[in-house]
Amino acid sequence: MTDTTARVSVTKEPVRDTPVPAPAPRRARMWRHLTPWIFLVAPLALLITFTYAPIVNMIAYSFTDWDGVSPELHYTGLENYTELFTRSELFEVFFVSGYYLVASAIQIVAALYFATILSFNVRFRNFFKGVLFFPYLINGVAIGFVFLYFFQDGGTLDSVLALFGYHSDHAWLGTPFSANSSLAAVSIWRYLGLNFVLFLGAIQSIPGELYEAAELDGANRWHQFRHIIAPGIKPVLTLTVILSVSGSLSSFEIPYIMTGGATGTETFVIQTVKLAFQFNKTGLASAAALVLLLLILLVTWLQRRLVPDDKVDLV
Amino acid sequence: MTRRAVARTFVYASLILATLVVLLPLGVVFLTSLKTDKEMTGGSGALTFPDDPLNFHNYVTAFQDGRMLSAFGHTAFILVFAIAGTVLIGSMTAYAIDRFTFRFKKLVVALFLLAALVPGVTTQVATFQIVNGFGMFDTLWAPIALYMGTDIVSIYIFLQFVRSIPVSLDESARLDGANAFTIYRKIIFPLLKPAIATVVIVKGITVYNDFYIPFLYMPSQDLGVISTSLFRFKGPYGAHWETISAGAIVVILPTLIVFLALQRYIYNGFTKGATR
């Protein structure tokens, strides 16, 4: 900072007589220092109030037995954390994330497939692109209801299966395995579009001459995918993996709206919300939320480590 | 058939299958929304057409008893303030970070960067206490403040854009005697129009669809936004799929219209928003 002002006054010295203003008086200089802060005061205040203060508070709550309302709270040390890792039913919710992780893997493969074929010349390309992407834009509650009816006894799925002569009275949301798989399938339906459009954008930014050159060299579609497309979309692919992992760990909307966490479909976030706002265990819920936050930060950090991403260049 | 032809058939078959998988659940819900109470209890299958395709009775029920009208009002109110706030906050932050050198700049940038990694769902336990402390709990201001204050993605979008505006424009304005505020207001902000359009679309759709925040912060029946009002259909209309379906279609329809009208901006916006 002092460095720039010094340079300014040096360059100004020889042109004293021209109408260019002389070195700014003290008040003006103070203004100049203050200006960026005037622009930043509101954004920073909001950022600290709604992102950093909660994190700090959460760390503090996680060492207490606070219930969220009473003025009294006791320091309990690591008790919340030991409870979290020793009471199996609190920990089991992580297994539910497994279903969503598997679903994310399927989703990424499917998105890659559709992005690849739609990057080539296909009839009604825009129509297919729109259809695949649209679910991502739909309200989560509406999706929840659409699929409650879909899996309902005698609902859409049963009717379609009946068309093919398969009559089932299987309650799709009735057993933990079936319910979790169904919910994970809904989340594929919902989020495939975003992954697909990200991949498509990345593929289309690969210059077309590369394909032509490859074709001249006798490369087939698979070769083109393997050697041109795959390396070209690597940054987007790693980003998608991160988004999927953190999304799987923190899935909330679809299971909460559709089953409310019943029949073994409770996810980590549903459990945390219930602990905090239904059972008034703010202390325990804070510890749980903190564990989840650290997990997600760990995943992100691992990705940044494994695949140094030069796209993040804020300054 | 040559191998190419087989591959082509496979490609189109998979695309048509995907289209069916996407559209069938939605189409069935649309059909259901046009059926009468009697048809539903009379065992009308999910795939059969309604007897009267112009039966909008369920939509009337959804609007009148389901309070969808006031829900749209609340959503619109939140949208206007949250979007205006996000645009102002995002563009000011981007301008300050890109055009000034100041002490602690690195720290400020790092604070914003790190916040982008913190998923909002995890911190609500403690955010709740803060919102409550401000007396904003169960008011429309809680979601507005949270949407405004925790949107790092739009700051990124603005930042990319501010960087592409030549600094020489600022400089020539400064020579004409403009101060930093005039430059922001008269030069930077008007040139940010494409970025503003992107942010408005992305933010608009996100806010319109959000369930978690209004659900947590506005539990009162009179303060329903479209997500929470629709969610409340579950209780009273539990067995009335025709009414629930009408509610779902009412919520989906505006999204479909916006999507068809602004397709290109939407693809662009969400791609930029996600890749930052």
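Let's start in chain B, where residues 71–95 are 100% helix and 0% strand, with end C-alpha atoms 36 Å apart. Residues 107–128 of chain B are 91% helix and 0% strand, and their end C-alpha atoms lie 26 Å apart. Bear in mind that this is a predicted model. Here are the two spans side by side:

| Span in chain B | End C-alpha distance | Helix | Strand |
|---|---|---|---|
| residues 71–95 | 36 Å | 100% | 0% |
| residues 107–128 | 26 Å | 91% | 0% |

Both spans appear under "transmembrane region" in an unreviewed UniProt entry, whose annotation also covers residues 12–34, 140–159, 195–218 and 238–262 of chain B.

How far can you lean on chain B? Its mean pLDDT is 89, and 98% of its residues reach 70 or more. Within chain B, helix α4 (residues 68–99) has the highest confidence, at a mean of 94, while helix α2 (residues 37–41) has the lowest, at 81.

Now over to the partner. Chain A has 15 helices and zero strands. Of its 315 residues, 40% count as buried. Among contacts in chain A with a separation of 6 or more, 70% join residues 24 or more positions apart.

How many residues does each chain bring to the contact between them? Chain A supplies 70 residues and chain B supplies 70 residues. On the side of chain A that touches chain B, helix α2 (residues 26–61) of chain A gives the largest share, with 19 residues. By class, that side of chain A holds 49 nonpolar residues, 20 polar and one charged. For the complex, the predictor reports an ipTM of 0.91 and a pTM of 0.87.

Definitions and conventions:
Residues numbered from 1 in each chain as written. Chains lettered and ligands numbered in written order. Predicted model: local features only at pLDDT ≥ 70, side-chain atom pairs only at ≥ 80, totals over all residues. UniProt positions renumbered as here; feature names shortened; annotations may be inferred. Helix = DSSP H or I, 4+ residues; strand = E, 2+ residues; numbered from the N terminus. Buried ≥ 20, exposed ≤ 12 C-beta atoms within 10 Å, placed from the backbone. Contact = placed C-beta atoms within 7 Å. pLDDT = per-residue confidence, 0-100. Nonpolar A, V, L, I, M, F, W, Y, C, P; charged D, E, K, R; others polar.
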